[in-house]
Structure formats: C-alpha cells, structure tokens
Amino acid sequence: MFGYYFWDSTYVFVLIGAIICMIASARVKTTYRRYSRVRSGTGMTGAQAAERMLHAAGIYDVTIRHVSGSLTDHYDPRNRTLNLSDDVYGSPSVAAIGVAAHECGHAIQHQQNYFPLNLRSAIVPVANIGSTLSWPLILIGLLFGGKSSSLFIQLGIIMFSFAVLFQLVTLPVEFNASSRAMNEMERLGILSNEELPMTGKVLRAAALTYVASAAAAILQLLRLVLLFGRRDD
C-alpha cells in the first residue's frame with residue numbers, strides 16, 4: 001500500500017522539485033561567491049550600507065545584528081531586527097551590500113505596511129500548522145482506511161495547501177524587496193552604475209530559490225491531489 005502511494009509514477013514530481021531546488025541553490029551560491037570577491041567602490045560593509053539605507057528611509061528603530069552562518073540573513077518584523085550573516089555583515093563586496101539592502105527592503109515594506117508582507121506574516125501560523133499536520137493526517141488516512149480514510153487524506157491535502165499558499169505569497173514580497181533595494185542603492189549612491197548590475201545578478205539568483213521552492217511545493221501538492229483522485233477511483 002505504501003509503495004503505491006509513495007513510490008508510484010507521480011514521484012517524478014518530487015524528483016523534479018528537488019532538482020529545481022538544487023539547481024537554484026547551486027546558482028545562488030556560485031553567483032554570490034563570484035561577486036563577493038568584488039569590492040565596492042565606496043568600501044561600505046553590508047552593515048554600514050544597511051544602516052545608511054534604513055536611516056534614509058526614516059527608520060531608526062531597527063537594530064542591525066550580526067548572526068552566524070552563511071547567507072542566513074533575514075529581517076524579523078516581530079522584534080524589528082535586521083540580521084546579517086558572517087558573509088554579509090562586515091564584507092565590503094557588492095554581493096554583501098546587495099543582500100543587506102534586500103533585507104532593508106523588507107524593513108521598509110514593514111514600515112509602509114506593504115500588504116503582501118502583512119499577508120505573509122498573517123499566514124505564517126497557519127502555514128506552520130499545515131506543514132506539520134499534513135503528512136500525519138495523510139498517513140492516518142492510509143493506515144486506518146474505512147469511510148474516514150478519504151476525510152483524513154483530504155484534510156492533509158488542505159493543510160499542505162496552506163504551506164503552498166505561503167510559498168506563493170512569499171514571491172511578490174521577495175521580488176519587491178529586491179526592487180526596493182536596487183532603487184535605493186542607486187538613489188543613495190551606495191553602488192555605482194557599474195556595480196549595480198553585478199548586485200542585480202546576485203539578487204535575481206536569490207529570488208530564483210524562492211521560485212524553485214514554490215514550484216517544488218506546487219508539484220508536491222499536485223502529486224497528492226493525483227494520488228487522492230486515484231484512491232477515489
């Protein structure tokens with residue numbers, strides 16, 4: 001029974017999703033590594049560029065913090081902290097400045113009540129619950145069978161759909177943050193006209209990882225729907 005549901009021909013959707021994610025991850029790492037060797041003309045570090053960009057936007061209550069790891073950068077709207085990784089915080093490269101500016105883009109979104117960001121924040125609890133409960137519900141349906149089997153599987157698919165919805169809502173949030181970053185870096189003179197295209201490549205490569213994650217989640221959802229349909233048949 002489990003072989004039928006988890007190793008049948010629809011498993012190709014999972015494999016395709018995994019391959020897409022691996023390619024996107026490899027590309028962003030390669031692109032970042034390439035442009036992390038290019039020092040910016042201003043000599044600003046990622047942290048310094050972030051501070052300038054935040055202050056230019058009238059944001060003074062966001063704390064810039066140094067966090068461990070590689071490309072673990074993120075903006076946390078809950079405690080208003082902009083967290084920059086080892087590769088970004090003290091680096092004066094065009095790649096580091098671009099990543100820092102991208103996270104500043106999220107801080108500006110938060111300040112301006114950017115609707116997709118607010119929507120994503122609202123979805124987070126539901127998406128977390130969905131990703132946690134989806135597979136247990138599906139497994140319960142497969143194990144116990146009977147009339148309630150389809151109900152549990154359907155509930156599992158609905159739960160997983162919330163996680164997919166989160167991935168989709170994330171896309172406009174990330175693309176908009178990168179667009180804001182590019183515009184602000186140009187407006188403030190943080191990077192030159194020659195350096196901006198390099199940073200743009202880094203941010204586009206990073207954006208593709210979110211596209212890949214969304215595509216993988218959609219493919220997994222499609223697989224579940226197909227399997228559920230077969231069961232009903």
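**Salt bridges, a buried serine and a greasy patch**

Let's start at Arg187, which is exposed, with a relative accessible area of 53% (exposed is over 50%, buried under 20%, partly exposed in between, with a 1.4 Å probe and protein chains only). This is a predicted model, where local features need pLDDT of at least 70, side-chain atom pairs count only at pLDDT 80 or more, and totals for chains, interfaces and linings use all residues. Residues are numbered from 1 along each chain as its sequence is written, and side-chain values use heavy atoms, leaving out hydrogens and water.

Arg187 pairs up with Glu184 in a salt bridge, 2.7 Å from N to O (a Lys or Arg side-chain nitrogen within 4 Å of an Asp or Glu carboxyl oxygen). The two sit 3 residues apart in helix α7, so about one helical turn separates them (helices are DSSP runs of H or I, at least four residues, numbered from the N terminus). Unlike exposed Arg187, Glu184 is buried, at 15% relative accessible area.

The structure holds 4 salt bridges, and another of them joins Arg120 to Glu174, with the closest N and O atoms 3.1 Å apart. Here Arg120 belongs to α6 and Glu174 to α7 (residues 148–187), so the pair ties together parts that are 54 residues apart in sequence. Both partners are buried.

Then there's Arg78 with Asp76, whose closest N and O atoms are 3.0 Å apart. Arg78 is exposed at 77% relative accessible area, while Asp76 is buried at 10%.

Now look at the loop between α2 (11–35) and α3 (46–56), which is home to Ser40. Ser40 is buried, with just 3% relative accessible area. What does Ser40 touch, leaving aside residues up to four places away in sequence? Its contacts (heavy atoms within 4.5 Å) are Pro92, Ser93, Val94, Ile97, Leu191 and Glu195.

Back to helix α6, residues 115–144, where you'll find Leu143. Leu143 is exposed, at 55%, and joins Leu139, Ile140 and Phe144 in a nonpolar surface patch with about 390 Å² of accessible area together.

How far can you trust all this? The average pLDDT, the predictor's confidence in each residue from 0 to 100, is 91, and 94% of the residues score at least 70. Over residues 1–5, though, pLDDT is below 50, and the stretch has 12 contacts in the model beyond near neighbours in sequence. Where pLDDT is low, predicted coordinates shouldn't be read in detail.

Technical notes: Patches are made of residues with over 30% relative accessible area and no salt bridge: like charges are joined within 9 Å, nonpolar side chains (Val, Leu, Ile, Met, Phe, Trp, Tyr) within 5 Å. Accessible areas come from the Shrake-Rupley method with a 1.4 Å probe; for residues, only the protein chains shown count as cover.
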